[in-house]
Amino acid sequence: MAAPALLPPPTMDQEGAAPPAPATPSPAPPQPELEPKSPLLRRLPPVRVTSEFDSERRLFSHRLSCRVLDGVAKLRLRVSHGAGGGGIPWGPPEVGLMARNFSVVVDPATRGAVLRGATDLAGSLRLRASHNTKEQQGEVAITANLRDSPCKIELSSLVPPNGLPRATFFFPNGEVSIKEKILDEGNRILSVNSLVKSRVLNGVCTAVYNDNAMNIKYRYKDDEISFVPSISLPSNSLSFAFKRQLTPLDKLSYWYNFDTNYWSAIYKHKANKHLKWKAGYESDNRLGWASLWVGDAGGSTKEVPFKAKVQLTLKVPQDNMPNSAVVFHVKKRWDF
């Protein structure tokens, strides 16, 4: 019979005594629940202030906006006043509250407000409505998608109604609308308006029909050239625009109307993203001008905080050069 296996002796400490058995760790005492922070202690939403000044109109414009209701809506205040205390005096600000499907803009100067709203109904129906309290007039429209196709149809009517509702059919290459029109004699007729786009010869052809008049425009554009001829019917008015990218930094634009012989030309040079200058001439106004942009002229002040855009323009009338003027426009944004 095999002898039982001997267990190793317990280890001894320096004094020869066996160390005590490890004690079972006691659970940590429960932490007291933190009280919810008061709304007053929460971080205030960022406030954005955008100021503009137009020297030609001598007008300051300030817009303040911030997110409210946990970011669901945006509160906006807008106020304008004349420079140097002249022109347009300080007045009550225009106040607006904008959300995804609802907005209200109150103008104390006119004692009116504009309300807009939209909501999705059952299926693929969408309802939108607007109302102007000062004009006591609004509009209601309902849009329906046609099953799984990209086409949709919309019925809209003024409130209070003054005739038949307008019907608009949207399709991928344009739209067609039918509405009731009141003539000067008081007769009512059905008016058809349409817009159609199609690709033709590596370009896009657009035809717009409105009130028995049609404008046909063709646009061809590649990396270096843009050519846009257009004709209006039945007047047969013909014009064209031409743009040439001379270098990656230089661009020339030209527009000519065959009926009036009016033309205009613009030369642009872009030193970098934030510095650009232009020079041009307008024959109908007999005006030459040069403009300098500091800041991204085609960008938005929403892109970078503390961004500014400055435009300086020199206007030289051909018939009255001593009355040349320098005007400037400044737009600055702050985030707090």
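Guide: Strands here are DSSP runs of E with at least two residues, numbered from the N terminus. The model is predicted. Pro-160 is found in the loop between strand 9 (152–159) and strand 10 (166–171).

Visitor: What makes the bond that joins Val-159 and Pro-160 a cis peptide bond?

Guide: Its omega is about 0°, and the bond is therefore called cis. Most peptide bonds are trans. A cis bond also joins Leu-233 and Pro-234, with omega at about 5°; Pro-234 has its place in the loop between strand 15 (225–233) and strand 16 (237–247).

Visitor: Why is Asp-70 called exposed?

Guide: The term requires over 50% relative accessible area. Asp-70 has 74%, so it is exposed. This residue is found in the loop between strand 2 and strand 3 (73–82).

Visitor: What is notable about phi of Asp-70?

Guide: Phi of Asp-70 is near 55°, a positive value in a residue other than glycine. Most residues other than glycine have a negative phi. Arg-58, which is not a glycine either, has a positive phi of about 50° and lies in the loop between strand 1 (47–54) and strand 2 (59–68).

Visitor: Why is Val-294 called partly exposed?

Guide: Partly exposed lies between the limits of 20% and 50%. Val-294, with a relative accessible area of 40%, is therefore partly exposed. Its place is in strand 20.

Visitor: Which residues form the nonpolar patch on the surface?

Guide: Leu-275, Trp-277, Leu-292, Val-294, Leu-312 and Phe-328 form this patch, with about 470 Å² of accessible area together. Strand 19 (275–282) and strand 20 (287–294) are the elements that give two or more residues to the patch.

Note on methods: Residues are numbered from 1 along each chain as its sequence is written. This is a predicted model: local features need pLDDT of at least 70, side-chain atom pairs count only at pLDDT 80 or more; totals for chains, interfaces and linings use all residues. Side-chain values use heavy atoms; hydrogens and water are left out. Patches are made of residues with over 30% relative accessible area and no salt bridge: like charges are joined within 9 Å, nonpolar side chains (Val, Leu, Ile, Met, Phe, Trp, Tyr) within 5 Å. Accessible areas come from the Shrake-Rupley method with a 1.4 Å probe; for residues, only the protein chains shown count as cover. A salt bridge is a side-chain nitrogen of Lys or Arg within 4 Å of a carboxyl oxygen of Asp or Glu. Helices (H or I, at least four residues) and strands (E, at least two) are DSSP runs, numbered from the N terminus. Buried means under 20% relative accessible area, exposed over 50%, partly exposed in between (1.4 Å probe, protein chains only).
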